[in-house]
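The following paragraphs offer a guided reading of the structure shown below. Please keep the sequence and the model in view while reading.

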Amino acid sequence: MPKRRDILAIVLIVLPWTLLITVWHQSAIAPLLAIRKERLSVHHPQLSDEGAEGRRETGGQDSKEYCASDKDIVEVVRTEYVYTRPPPWSDVLPTIHIITPTYSRPVQKAELTRIANTFLHVPNLHWILIEDSQRRTPLVTSLLRETGLNYTHLNVETPKSFKIRGDTRDPRIPRGTMQRNLALRWLRETFKNNNSQPGIVYFADDDNSYSLELFEEMRSTRKVSVWPVAFVGGLRYESPKVNAAGKVYGWKAVFDPHRPFAIDMAGFAINLKLILSKPQAYFKLRGVKGGYQESSLLRELVTLNDLEPKAANCTKILVWHTRTEKPILVNEGKKGFTDPNMEI
């Protein structure tokens, strides 16, 4: 018959091993249970749509649905997706007022969605979007609200007699002129000339692609800052010419390089105070040749010597005139094949 001390020794040896095996067994099957539970759960992203013009917050409670299987009832959780909001507003950084004219076309929503996703990463950004239409459209209104950006939504229709035809020699107003001028007027009516809030004004068309670095470059603009733009003027890029002293003295352009400011609309930014102090500065509506729209505004604001080269003295490309390819819709037919009420 075993002695008491032998029994105690056996218990002390067996008990730790029993506990160790039990813990190991539970650790081994726990991931399998988690995987099974994950497979049984079905997630349906759903946008939480709540807000108003300007900055807004969204949120909501998770809703639950139940579906029955042969043996048990599986809980199906519907999660709600919320767009990532812009960075917190800073009282130190100048506000960048982005002016974007837009017009109705098949790729409009795609273009606006793409640049809105870029703007969401830029601190202190205010988007002024101007539609070339008789009224503000539901498509653009809804898109702006869903972005969570700070925005102002305007509209003005360009008269048909002013719109450019296919002939490049036609002297009619280039697209977007009246819309940009409306935005400039809005800025002057909203901010007084003695306004102490620092700001930068930039004309960002919806068919361009923008590096986030570009917005940080322009934020320090004192009067007018400039940089290269890719895929314009029949070249890989057009650019200001900058000398060793860091001064702009000309333009790398083939199309009429002797223009006062041979620069693309995406190639410059203006300090808001300069816009407010020069109320006569607008894009000219008449008597302006093609490619001279930029010059018609800038010559009212600065001289060549005032320009501030950015993007490493104009040696880096931070904006591209990419232009979304026009979709081929030949299979739609005259009466249309797909549902015309489906927003694209």
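In this predicted model, a convenient place to begin is the packing around helix α3. The buried residues of α3 pack against three elements, namely α2 (108-119), β4 (125-131) and β5 (150-155). The helix itself spans residues 138-147, and its buried residues are L139, V140, L143, L144 and T147. Viewed down the axis of α3, these buried residues fall within an arc of 125 degrees, so they line one face of the helix. After α3 comes G148, a residue with a positive phi, near 80 degrees.

The packing may also be followed from the side of α2, the helix in which L112 lies. L112 counts as buried because its relative accessibility is 0%, and the cut-off for that class is under 20%. Leaving aside neighbours within four places in sequence, L112 is in contact with T102, W127, L129, V140, L143 and D206. Two of these partners, V140 and L143, are among the buried residues of α3, while W127 and L129 fall within the range of β4 (125-131). As for T102, this residue is 10 residues from L112 along the chain, and the C-alpha atoms of the two are separated by 8.6 Å.

Attention may now turn to the enclosed spaces of the model. How many cavities of 30 Å³ or more are there? The count comes to two.

The largest cavity holds about 50 Å³ of space. Its lining is formed by W227, P228, V229, E238, S239, P240, W251, A262, I263 and D264. Which strand gives the most to this lining? The answer is β10 (residues 237-242), with three residues. In chemical character, the lining of the largest cavity divides into seven nonpolar residues, one polar and two charged. The charged residues are E238 and D264, and the polar residue is S239.

The second largest cavity has a volume of about 30 Å³. The residues that line this cavity are P86, P87, W89, F119, V122, P123, N124, L125, L149 and N150. Eight of the lining residues are nonpolar and two are polar, with no charged residue; the polar pair consists of N124 and N150. This second lining also leads back to the elements described at the outset: F119 falls within the range of α2 (108-119), L125 within that of β4 (125-131) and N150 within that of β5 (150-155). These three elements are the ones against which the buried residues of α3 pack.

Definitions and conventions: Residues are numbered from 1 along each chain as its sequence is written. This is a predicted model: local features need pLDDT of at least 70, side-chain atom pairs count only at pLDDT 80 or more; totals for chains, interfaces and linings use all residues. Side-chain values use heavy atoms; hydrogens and water are left out. Buried means under 20% relative accessible area, exposed over 50%, partly exposed in between (1.4 Å probe, protein chains only). Helices (H or I, at least four residues) and strands (E, at least two) are DSSP runs, numbered from the N terminus. The arc is that of the directions from the helix axis to the C-beta atoms. Contact means heavy atoms within 4.5 Å. On a 1 Å grid over the protein atoms alone, a cavity is a set of points where a 1.4 Å probe fits but cannot get out, and a pocket is an open set with protein on both sides within 12 Å along at least five of seven lines; lining residues have an atom within 4 Å of a point. Grid points are joined across faces, edges and corners, and a volume is the space filled by probe spheres set on the points.
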